[in-house]
Amino acid sequence: MNKKVILPKAAFPSAPNAWKQYQSRMSQPLLPIGAAEVDERLRGGIIQAGLHEFFGGAKADSHAAAAFALLLAWRLPESDAGIFWVTGDKERQASGRLYPLGLSAMGGNPSRILLVQTADLRDALRAAADAIRSKTARAVILETHGNARMVDLTSTRRLALAAAESGVLALLVRGDAAPMPSAASTRWRICSAPSVPLPGNAPGLPTFDINLLRHRGGTASFAARVTWDHATRSFFDTPLSGGLSAPATDAEVDPQQRFRA
């Protein structure tokens, strides 16, 4: 849900430009997560024309971080523009490929996802920036692995500025990296979480433990558990109770059998 917060100019006594920056940020379109409690904490959602980064809580959670980013992109209104998934060859070998049937089962349209595979991370950064600036993308997901030095404050600032200028949602999946300074509007830690079993004790819907680590708008860090409903293409708040473990892809699984939904 969207909420407007009106603060007096006196709330920004020591920064001449702070009031203008605050008004500019509040006027930007927000993308709601769908989970009411999370969106309330975020004051409506995340900035749609901005850069957001996602880290896995552990190495095995790299796939959970990637899945959460993709599901967020699916929250955008349908349009003729597609979702670009950009990755270097090294990253593709580490995480495998997207699985069309799995994407469909999660409520997405595989035909609206464009895979961009580059020779290395340097080219992937360039391709992601070009895709963000293009008129054919509504979201761009850049997947990296490990503590890549090229994914620094300078390179992320380029992505963030491109997203702000073009109105595109830019999502940076850092996988098993350690958080470092960046220009992202928000930073999240994502983990696979236990899900509530469906009737017949069938495995439940994909569930995530999400932790907001940083918010450039000043929102305090918080942790929550959310579940994805493929029918409504939305997350909803999930009580922190026991249940079946949500499927998680482990590094030891046969690469031919790996997929992300």
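**Cavity lining and nonpolar cores**

Reader: Which helix and strands each supply at least two residues of the lining of the second largest cavity?
Author: Helix H6 (121-133), strand E6 (137-143) and strand E7 (169-175) each do; these are DSSP runs, at least four residues for a helix (H or I) and at least two for a strand (E), numbered from the N terminus. This is a predicted model, where local features need pLDDT of at least 70 and side-chain atom pairs 80 or more, while totals for chains, interfaces and linings use all residues. Residues are numbered from 1 along each chain, and side-chain values use heavy atoms, without hydrogens or water.

Reader: Which one gives the largest share?
Author: E7, with 3 residues. Leu51, Ala128 and Leu159 are among the lining residues, those with an atom within 4 Å of a cavity point (on a 1 Å grid, where a 1.4 Å probe fits but cannot get out).

Reader: And what volume does that cavity have?
Author: About 30 Å³, taken as the space filled by probe spheres set on the joined points. The model has 2 cavities of 30 Å³ or more.

Reader: Switching topic: which residues touch the most other members of the largest nonpolar core?
Author: Phe54, Phe68, Trp74, Trp188, Ile190, Phe208 and Phe235, out of 39 residues. Such a core joins buried residues (under 20% relative accessible area, 1.4 Å probe) through side-chain atoms within 4.5 Å.

Reader: Which element gives the most to this core?
Author: H3, with 11 residues. Another core, of 25 residues, lies apart from it and includes Leu121 and Ala162.

Reader: Back to Trp74, what does it touch?
Author: Beyond four places in sequence, Trp74 touches residues including Ile83, Met106, Trp228 and Arg233, with contact meaning heavy atoms within 4.5 Å.

Definitions and conventions
1 Å grid on protein atoms, 1.4 Å probe; cavity = no way out; pocket = protein on both sides within 12 Å on 5 of 7 lines; lining within 4 Å. Buried < 20%, exposed > 50% of the residue type's maximum accessible area, 1.4 Å probe, protein only.
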